[in-house]
Amino acid sequence: MTDKPILLWLRRDLRLADHPALHAAAASGRPVIPVVIRDAALDRLGAAARWRMGQALAHFDARLQGLGSRLVLRSGPALEVLRGLVAETGAATILWSRAYDGASVELGRRVKDWAKAHDITAKSYNGSLLFEPWEVTTATGGPYRVFTPFWRAVKDRPVPDPVQAPSQLRPPTHWPDSEILGSWRLSEGVGRGAEVLARHALVGEERARSRFAAFLAGPVARYATDRDMLALPGCSGMSEPLTYGEVSPRLLWHLAQGKPGAEAFLRQLVWRDFAWQLFFHRPDMAEENWREGWDGFPWRGDNAQALAWKQGRSGVPLVDAAMRELYVTGRMHNRARMVSASYLTKHLLTDWRVGLRWFADCLTDWDEAANAMGWQWVAGTGPDAAPFFRVFNPETQAVRFDPEGRYRRRWIAEGEAAPTQTALSYFDAVPRSWALDPKAPRPEPALPLAEGRQRALAAYAAHRT
Ligand SMILES: Cc1cc2nc3c(=O)[nH]c(=O)nc-3n(C[C@H](O)[C@H](O)[C@H](O)COP(=O)(O)OP(=O)(O)OC[C@H]3O[C@@H](n4cnc5c(N)ncnc54)[C@H](O)[C@@H]3O)c2cc1C
């Protein structure tokens with residue numbers, strides 16, 4: 001039995017509880033060197049997600065220090081960095097949680113090939129999904145393309161029990177050098193918005209766990225109806241910690257079992273797995289129309305109205321409230337995501353990829369698969385999508401899901417005699433170059449809603465003929 005160190009390569013799995021790779025490393029009794037690599041994947045994150053990753057790393061480093069360990073930070077192509085660390089530390093094993101986007105799948109393969117050729121043990125684990133993307137297959141052995149049968153196929157399947165958090169991690173005799181987190185400048189892209197974002201972020205495993213406990217103690221029972229109401233705290237808020245792996249979906253699954261109303265919540269949690277199994281099988285899902293029939297559709301690229309949409313100045317109150325919630329909190333209510341995405345792709349006839357990229361830049365809960373699936377669902381281009389002719393009407397959506405206007409007042413200051421603090425905080429977060437003023441009159445919509453709807457339907461009809 002070797003006593004050589006283990007490299008624990010961490011990415012979006014910054015937690016202690018239910019972390020199979022960390023659990024295996026700790027259980028070995030060997031020295032463990034937790035490593036985070038600033039590689040192309042980390043550099044590719046949007047501004048808000050990079051900032052939030054910085055918060056997650058700082059927090060998790062402190063957690064590890066409580067166990068007598070720490071994070072080692074290195075920059076460079078991941079395989080090169082891992083090879084260098086093996087040479088420096090004499091590590092004989094590399095463990096990590098699998099990631100399922102195309103580039104990460106390929107990287108995992110290369111790390112395993114290199115390790116095998118150099119007599120190093122390399123092992124990856126499922127640390128981020130309920131089921132592996134290849135585990136749930138249709139009767140003919142292929143992946144599911146439609147959610148409801150996927151849900152039926154998994155809802156009664158056993159989900160492995162969560163594994164315990166380690167109580168300590170054995171440090172190596174000599175720690176390899178680490179870069180300093182501040183030198184990664186992960187906050188740079190968000191500028192002055194960082195301070196505002198920080199008020200809304202739910203950083204770290206402990207806060208995520210207590211937020212989920214509060215959700216299970218009350219809101220989960222009414223989740224099926226409240227989850228659509230824009231002004232209510234009816235949802236779990238777990239997307240952000242799930243994104244950085246501060247909680248695991250398997251733990252949430254087990255904690256929610258047996259709670260009245262939990263099935264509706266678990267169904268949504270399974271949407272996340274569904275998104276990743278789609279993305280695993282179609283790694284170009286964030287770039288290409290899932291349905292080729294949409295190639296050549298006359299979407300507009302970036303345009304002045306899309307810019308107004310991004311800036312929360314479309315003139316459509318529900319859409320503007322949604323876009324401001326996004327900028328201030330790094331998150332957006334699910335219904336607001338659907339309505340604002342529908343307005344961009346249908347009323348403004350703008351390419352869903354314009355919106356996808358803006359969300360990717362602004363979301364702290366940015367999840368490549370869920371974002372791509374959400375945009376393609378709304379645009380009508382996805383495998384299991386809302387039909388293009390179903391155009392969300394932001395006014396009727398507001399009447400149904402924000403009947404008292406509380407959500408809109410929470411986020412829109414213009415035209416209000418006494419704007420809310422949250423609405424005003426938008427003006428503290430946005431770049432000064434946008435020259436926004438809470439006392440300015442409300443912007444006018446680019447075109448009447450009915451006209452935008454007709455234009456979209458006409459473009460769709462013309463494309464199909
Ligand atoms: C255009 C668009 C873009 C989106 N982009 C993202 C994204 O980048 N990251 C992200 O996590 N979600 C995304 N979603 C899905 C959804 O809006 C969020 O997961 C949800 O709002 C998060 O809030 P919550 O954690 O309180 O969710 P809850 O309602 O409490 O749901 C629990 C969990 O289930 C999962 N979930 C719920 N709905 C969905 C869904 N439609 N698709 C996939 N997983 C889901 C999430 O992990 C969520 O945390 C997007 C949806 C749309 C329409």
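Which side chain has an N or O atom 2.6 Å from an oxygen atom of the ligand? Select Ser236: an N or O atom in the side chain of Ser236 lies at that distance, 2.6 Å, from a ligand oxygen. Such a pair is a polar contact (N or O atoms within 3.5 Å; within protein, one must be able to donate a hydrogen and the other to accept it, and residues adjacent in sequence count only if both atoms are side-chain atoms).

The model is predicted: local features need pLDDT of at least 70 and side-chain atom pairs count only at pLDDT 80 or more, whereas totals for chains, interfaces and linings use all residues. Residues are numbered from 1 along each chain as its sequence is written, and side-chain values use heavy atoms, with hydrogens and water left out.

**Stop 1: the ligand**

Display the 26 residues around the ligand, a residue being near when one of its heavy atoms lies within 4 Å. Those that come nearest are Tyr223, Ser236, Gly237, Asn334 and Asp365. Next, show the backbone of Met238, where a polar atom is 3.0 Å from an oxygen atom of the ligand. At Ser239, a polar backbone atom is 2.9 Å from a ligand oxygen.

**Stop 2: the nonpolar cores**

Select Phe265, Trp309 and Tyr407, which have the most contacts inside the largest nonpolar core, a set of 124 residues. A nonpolar core consists of buried Ala, Val, Leu, Ile, Met, Phe, Trp, Tyr and Cys residues joined through side-chain atoms within 4.5 Å. Buried means under 20% relative accessible area, exposed over 50%, and partly exposed in between (1.4 Å probe, protein chains only). Helix H12 (residues 262-281) supplies the largest share of this core, 10 residues. Helices (H or I, at least four residues) and strands (E, at least two) are DSSP runs numbered from the N terminus.

Centre on Phe265: leaving aside neighbours within four places in sequence, its contacts (heavy atoms within 4.5 Å) are Phe212, Phe215, Val220, Tyr223, Ser236 and Ala256. Apart from the largest core lies another, of 20 residues, including Trp9, Val81, Trp96 and Val111.

**Stop 3: the sheet**

Switch to a cartoon view for an open sheet of five strands with parallel pairing, in the order S3-S2-S1-S4-S5. Two strands pair if DSSP finds at least two bridges between them. Strand S3 (72-75) and strand S5 (121-125) are the edges, each pairing on one side only. On average, neighbouring strands are turned by 25 degrees against each other, direction ignored.

Select S2 (residues 32-38), which pairs with S3 over four bridges and with S1 over five. Val35 stands opposite Val72 in S3, and Val32 in S2 is the bridge partner of Ile6. Six of the seven residues of S2 are buried.

Now add helix H4 (residues 78-89), which packs on the sheet and touches S1 (6-10), S2, S3 and S4 (93-97). The direction of H4 makes about 155 degrees with that of S1 (axes are lines fitted to C-alpha atoms, for helices over the stretch in contact, and angles run from 0 to 180 degrees between N-to-C directions).

**Stop 4: Thr329 and Ala417**

Is Thr329, in helix H14 (residues 317-329), buried or exposed? Thr329 counts as buried because its relative accessible area is 6%. A polar atom of the Thr329 side chain lies 2.7 Å from the backbone oxygen of Glu325, and the side chain reaches the backbone oxygen of Arg331 at 2.9 Å. Not counting residues up to four places away in sequence, Thr329 touches Leu197, His200, Thr364 and Trp411.

Finish at Ala417, in the loop between helix H19 (406-411) and helix H20 (421-429). Ala417 is exposed because its relative accessibility is 88%.
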